[in-house]
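Grab a coffee and open the viewer. Below are some short exercises, each with a solution worked out step by step.

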Amino acid sequence: MRFSKLFGKTLRQAPAEAESVSHQLLLRAGMIAQEAAGIYSYLPLGWRVLRNIENIIREEMDKAGGQELMLPVLQPFELWQQSGRYASFGKSLFTLTDRKEHTLALGPTHEEVITDLVHRYVQSYRELPLLLYQIQTKLRDEPRPRGGLLRVREFIMKDLYSFDADEAGLDESYQSMCQAYRNIYTRLDLPALIVEADSGAIGGKDSHEFMVLTEGGEDEVIYCSNCGYAANADKAQFVKTVEPVIRSQSPDSSEGEAKNLPPLEEIATPETKTIEEVASFVGVPTNQTLKAVFYFIDGEFIFVIIRGDLEVNETKLRNALKCSELRLATEGEVNEAGLIAGFASPIGIKGIKTVADDSITSGFNFIVGANKPRYHFRNANYPRDFQVDLIADIALAQPGDSCPRCRGKLSSARGIEVGHVFKLGTFISERFGASFLDSDGKSRPIIMGCYGIGLGRLLAAIVEQSHDDKGIIWPLSVAPYQVYLCPLHLDKSAVLPTAERIYQELQKEGLEVLFDDRDDSPGVKFNDADLLGIPLRLTLSPRTLQSQSVEAKWRTEKEAQLLPVENLAAEVKKLLDENVSFQS
RNA sequence: CGGGGUGUGGCGCAGUGGUUAGCGCGCAUGGUUUGGGACCAUGAGGUCGGAGGUUCAAAUCCUCUCACCCCGACCA
């Protein structure tokens, strides 16, 4: 490709709306252009990168036994009613009405369509396992698109769906997909960490995300550097350590037997608003108190109780209650419910649904609100003094907490989710009647898994973690071009004719070349070469031609080497081949 | 959806009531240049997000509205 003919223009300054590194660089390099919030065009350079990524993914999916197909973006809304997921997707599901006033959905994902399809074509265990995938545009009406390509409303995604006869088969499919994903990230030169994840609106049981840890990431990963445990903060567990102080107050052997515990005792606690104030007023650590938090969940007022030193994890709470809408109650709503913020506890409260974190069982003799202003109770114990409707792990893991596996210290980092795999189980296949006859002639629902990768986000993630102050640094495997051919002083001696000849020869050798045939100053050309991030730059000028050579420089290196013009194409190909083998 | 911010040539910005709205980059033409974003000259290009209002006069003040960005909520 001749640079002079290339559609798209490099920018010296990034458009003001771009904040994240990848967004800025991709705009400056002329690889993408924004049309609306979360809606982008890919310009020729960006599209070349995207297609390279796509091919790598396709190769790995095929290698793992996947069969590619194409599914419709426009989907009958009935499919979404049938799966019940129109509710969990909520407003994120784009819908439209056709001329016959029939509602259609714009596919945010394709489990419904594929399961409907498989239901019609698969009848026997002999046809399983089955791995089907598509790479295509998906649409989701995101509440907040952000970070350029990091979170968008229209995006190209590879989604593979596995169909198995039994749990062991699902495990196998799941493992083989995880391996395929690892291969993909390796080939993209992207260090991705596999973490335990919540399955969100997709539903299902087990789920893992692949995360690229980088400052600009929008997810939080909790991990243990001691044993390797890693989970999305939404999902992360931790040991709710019982401090010795609390332990010492428990009646040693006969843990929790009501008769041995001291009685509830009311104490005056004036001027204490927060848990910290209460704890320090009474003279105990915050983990010896219980705090109350109030939510409105699917329209119902919910009382949540959790140990004073912990925070509520709303995702866990949502899952525990199997609800969709959740928000903190306002102070007015709390008062309306007859509770006093700052002094509330479940003791003596009736008629309000109460959910407790399991940390309430991690100790004894807690300080809790007395449900009247300026008073708390001492020695509150569950279940002696109060009951709850549900006990679950609904606490947020935070850095410094103890690892659930090895009790090591947990850390946290920001990450970009570059892949998500789910063990769906049978809940969708059951809804669609997708079942098969096993070898005993018995009908059973097909067990499903799904495995998604967003291509644009992957592209952005590569930029986020592979760039410098000059621009993007593409790995050779996805770079828009492998070689940047950069002649200087086009009007001098044999520069231009030689460059033209080299350009032809490199292409004949099968190399992808961006030929900077513009009559611009060296600075402009070098800066654009760096901004575009093309792996190998070949510079020729009257100076290098004096010794019948061109200068070869890797984007990642400072120093260049001279290569003879003679037989240059073969030599360059060798260089690139060596570098590819380095990467994989 | 809550909070904050921004809308002025393709991009970055200046201009807070007073004649034909400026500057840098980019673009076009000509010339001189050229190893890390050269220079000179000439030129094209905006009616100031939109609507309404106040005023003799509005990019500038007021009201409404739209769009985009950031934080949060939510979400893959």
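**Exercise 1. How many salt bridges does the structure hold, and which parts of the chain does the pair Glu 218 and Arg 457 tie together?**

Start with the count: there are 37 salt bridges in the structure. Keep in mind that this is a predicted model. Side chains of opposite charge can pair when their charged atoms come close.

Now pick out one pair. Glu 218 bridges to Arg 457, with 4.0 Å between the closest N and O atoms. Next, place both partners: Glu 218 sits in the loop between strand 10 (207-213) and strand 11 (219-224), while Arg 457 belongs to helix 12 (residues 455-465), so the bridge ties together parts that lie 239 residues apart in sequence.

Then look at the cover on the acid. Buried means under 20% relative accessible area. Glu 218 has 22%, so Glu 218 counts as partly exposed.

Last step: see who else joins in. Glu 218 and Arg 457 belong to a network of salt bridges that also links Glu 142, Arg 146 and Arg 151.

**Exercise 2. Find the salt-bridge partner of Asp 393, then decide whether each of the two residues is buried or partly exposed.**

Step one is the partner. Asp 393 pairs with Lys 240, and their closest N and O atoms are 2.7 Å apart.

Step two is the location. Asp 393 is in the loop between strand 20 and strand 21 (410-425), and Lys 240 is in the loop between strand 12 (230-232) and helix 7 (244-249), so this bridge ties together parts 153 residues apart in sequence.

Step three is the accessibility. Asp 393 comes out at 23% and so counts as partly exposed. Lys 240 has a relative accessible area of 14%, so Lys 240 is buried.

**Exercise 3. Do the same job for the salt bridge between Arg 307 and Asp 309.**

Take the distance to begin with: the two side chains meet at 2.8 Å, N to O. Then check each partner. Arg 307 has a relative accessible area of 3%, so Arg 307 is buried. Asp 309 is at 28%, and therefore partly exposed.

**Exercise 4. Which residues form the negative surface patch, and why does Glu 300 count as partly exposed?**

List the members: Asp 298, Glu 300, Glu 325 and Asp 389 make up the patch. Zoom in on Glu 300, which is part of strand 15 (residues 300-307). Its relative accessibility is 38%, which is why Glu 300 counts as partly exposed.

**Exercise 5. Hunt for backbone oddities: where are the cis peptide bonds at Pro 129 and Pro 383, and what is phi at Asp 189 and Arg 374?**

Begin with the prolines:

- Leu 128 and Pro 129 are joined by a cis peptide bond, with omega about 0°. Pro 129 is in the loop between helix 5 (111-121) and strand 7 (130-139).
- Tyr 382 and Pro 383 are joined by a cis peptide bond too, with omega about 5°. Pro 383 is in the loop between strand 19 (375-380) and strand 20 (390-392).

Then turn to phi:

- Asp 189 is not a glycine, yet has a positive phi of about 65°. You'll find Asp 189 in the loop between helix 6 (167-187) and strand 9 (192-196), and its 41% relative accessibility makes it partly exposed.
- Arg 374 also has a positive phi, near 70°. Arg 374 lies in the loop between strand 18 (366-369) and strand 19; with a relative accessible area of 45%, Arg 374 is partly exposed.

**Exercise 6. Zoom out: which domains does chain A have, and how far apart are the C-alpha centres of domain 2 and domain 3?**

First, read off the domain assignment: domain 1 (16-221 + 413-464), domain 2 (244-392) and domain 3 (481-583). Second, take the separation: 69 Å lies between the C-alpha centres of domain 2 and domain 3.

Third, add the overall picture. Along the principal axes, the C-alpha atoms of chain A fill a box of roughly 100 × 60 × 50 Å. The chain has 16 helices and 31 strands, and 52% of its 584 residues count as buried.

Note on methods. Residues are numbered from 1 along each chain as its sequence is written. Chains are lettered from A and ligands numbered from 1 in the order in which they are written. This is a predicted model: local features need pLDDT of at least 70, side-chain atom pairs count only at pLDDT 80 or more; totals for chains, interfaces and linings use all residues. Side-chain values use heavy atoms; hydrogens and water are left out. Patches are made of residues with over 30% relative accessible area and no salt bridge: like charges are joined within 9 Å, nonpolar side chains (Val, Leu, Ile, Met, Phe, Trp, Tyr) within 5 Å. Accessible areas come from the Shrake-Rupley method with a 1.4 Å probe; for residues, only the protein chains shown count as cover. Lys and Arg count as positive and Asp and Glu as negative; His and the chain ends are not counted. The place of a charge is taken as NZ of Lys, CZ of Arg, CG of Asp or CD of Glu. Helices (H or I, at least four residues) and strands (E, at least two) are DSSP runs, numbered from the N terminus. Buried means under 20% relative accessible area, exposed over 50%, partly exposed in between (1.4 Å probe, protein chains only). Domain bounds come from an automatic or database domain assignment.
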